[in-house]
Amino acid sequence: LALLAPLLGPMIRGRVFVYNDLSWFHLPLRYLYQEALHAGDTVVWTPSIFAGFYVHGEGQIGLFHPFHQLVYRVLPLAAGFDLELVASYPVAFGGMFWFLRRLRFSRAAALFGAMLFAFSGFNLLHHHHMNMVVVVAHMPWLLAAADVLVADERRRARACAFAGVALILGSELLLGFP
């Protein structure tokens, strides 16, 4: 929690991170995305950039991901943007914890490994590449589901793992950084 707290700072103060790509790319596109969602307009294309821009083709915004659809329909822009940015870290932590426990690491070792993964240099230094960090956060979930699929002998567990692999890969593709 202590490592997550600095990432929550802007959210608590009603502000957003604006470093690098966040200010000149991600936030403006999410503004246009949210405006289109609220107006019932197309989110695939916008006339607001370059006299017409195929936003879906650019891909990094993740227009059709269910989480993005929900967050930007329900929350104000700053809260939705902050939530999208910060959510990757608990997701990465939870996935790595599950994966390491599947590999039979002790609870303490799994917690430590999950902390190292979620708040690794890669994830924190790429904070402004939010679609990249969220796809990386899917990796331990994918590895753990694949482990269940390969190693578990229970038919029902393997079926759930197969569905999990499909959902995780689908989520990664919809997030715009396959």
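# A tour of the predicted model, starting at a buried pair

Select glutamate 84 and arginine 30: both residues are buried. Keep in mind throughout that this is a predicted model. The two side chains form a salt bridge, and their closest N and O atoms are 2.7 Å apart. Colour the helices that hold them: glutamate 84 belongs to helix α5 and arginine 30 to helix α2 (residues 21-39), so the salt bridge ties together parts that are 54 residues apart in sequence. The count of salt bridges comes to 3, and the other stops of this kind follow below.

**Another link from α5**

Select arginine 102 and aspartate 147 next. Their side chains meet in a salt bridge at 2.8 Å, N to O. This pair also links distant parts of the chain, with arginine 102 in helix α5 and aspartate 147 in helix α8 (residues 130-151), 45 residues apart. Is arginine 102 buried, exposed or partly exposed? Its relative accessible area is 23%, so arginine 102 is partly exposed; the buried class stops under 20%.

**Arginine 154 and aspartate 152**

Move on to arginine 154, which forms a salt bridge with aspartate 152. The closest N and O atoms of this pair are 2.7 Å apart. Show the surface here, and compare the two partners. Arginine 154 counts as exposed, at 55% relative accessibility, whereas aspartate 152 is buried, with a relative accessible area of 12%.

**A buried aspartate without a salt bridge**

Return to helix α5 and select aspartate 82. Which side chain of opposite charge is nearest to aspartate 82, and how far away is it? It is arginine 15, at 8.8 Å. A salt bridge needs the nitrogen and the carboxyl oxygen within 4 Å, and aspartate 82, although buried, has none. To see what surrounds aspartate 82, show Pro10, Met11, Arg15, Val16 and Phe17: leaving aside neighbours within four places in sequence, these are the residues in contact with it.

**Helix α1**

Pro10 leads to helix α1, which spans residues 5-12. Select Leu7, Gly9 and Pro10, which are buried. They cover an arc of only 135° around the axis, which puts them on the same side of α1. Now add α5 and α7 (121-125) to the view, since the buried residues of α1 pack against these two helices. Just after α1, select glycine 14, where phi is positive, at about 75°.

**The far end of α5**

Helix α5 covers residues 77-102, and arginine 101 is found in it. Select arginine 101 together with glycine 80 and draw a distance between their C-alpha atoms: the two residues are 21 apart in sequence and 32 Å apart in space. Then look at the side chain of arginine 101, which reaches the backbone oxygen of phenylalanine 105 at 2.9 Å. Beyond its neighbours within four places in sequence, arginine 101 is in contact with Ser106, Arg107 and Ala110. With a relative accessible area of 38%, arginine 101 is partly exposed.

Follow the chain to arginine 104, in the loop between α5 and α6 (107-118). Arginine 104 has a positive phi of about 70° although it is not a glycine. Its relative accessible area is 77%, so arginine 104 is exposed.

**Aromatic pairs**

Show the aromatic side chains, where the count comes to 5 aromatic pairs. One of them is formed by tryptophan 24 and phenylalanine 25, which are edge-to-face, 6.1 Å centre to centre and with 65° between the planes. Which accessibility class does tryptophan 24 fall into? Tryptophan 24 is exposed, with a relative accessible area of 57%, while phenylalanine 25 is buried, at 14%.

Phenylalanine 50 and phenylalanine 53 form an aromatic pair that is edge-to-face too, with 5.9 Å between the centres and 65° between the planes. Stay on phenylalanine 50, in the loop between β1 (45-46) and β2 (53-54). What is phi of phenylalanine 50 near? The value is near 50°, which is positive in a residue other than glycine. Phenylalanine 50 is exposed, with a relative accessible area of 71%, and the tour ends there.

Technical notes
Residues are numbered from 1 along each chain as its sequence is written. This is a predicted model: local features need pLDDT of at least 70, side-chain atom pairs count only at pLDDT 80 or more; totals for chains, interfaces and linings use all residues. Side-chain values use heavy atoms; hydrogens and water are left out. Helices (H or I, at least four residues) and strands (E, at least two) are DSSP runs, numbered from the N terminus. Buried means under 20% relative accessible area, exposed over 50%, partly exposed in between (1.4 Å probe, protein chains only). Contact means heavy atoms within 4.5 Å. A polar contact is a pair of N or O atoms within 3.5 Å; within protein, one must be able to donate a hydrogen and the other to accept it, and residues adjacent in sequence count only if both atoms are side-chain atoms. Rings of Phe, Tyr and Trp (its six-membered ring) pair if their centres lie within 6.5 Å; planes under 30 degrees apart count as stacked, over 60 as edge-to-face and the rest as tilted. Lys and Arg count as positive and Asp and Glu as negative; His and the chain ends are not counted. The arc is that of the directions from the helix axis to the C-beta atoms.
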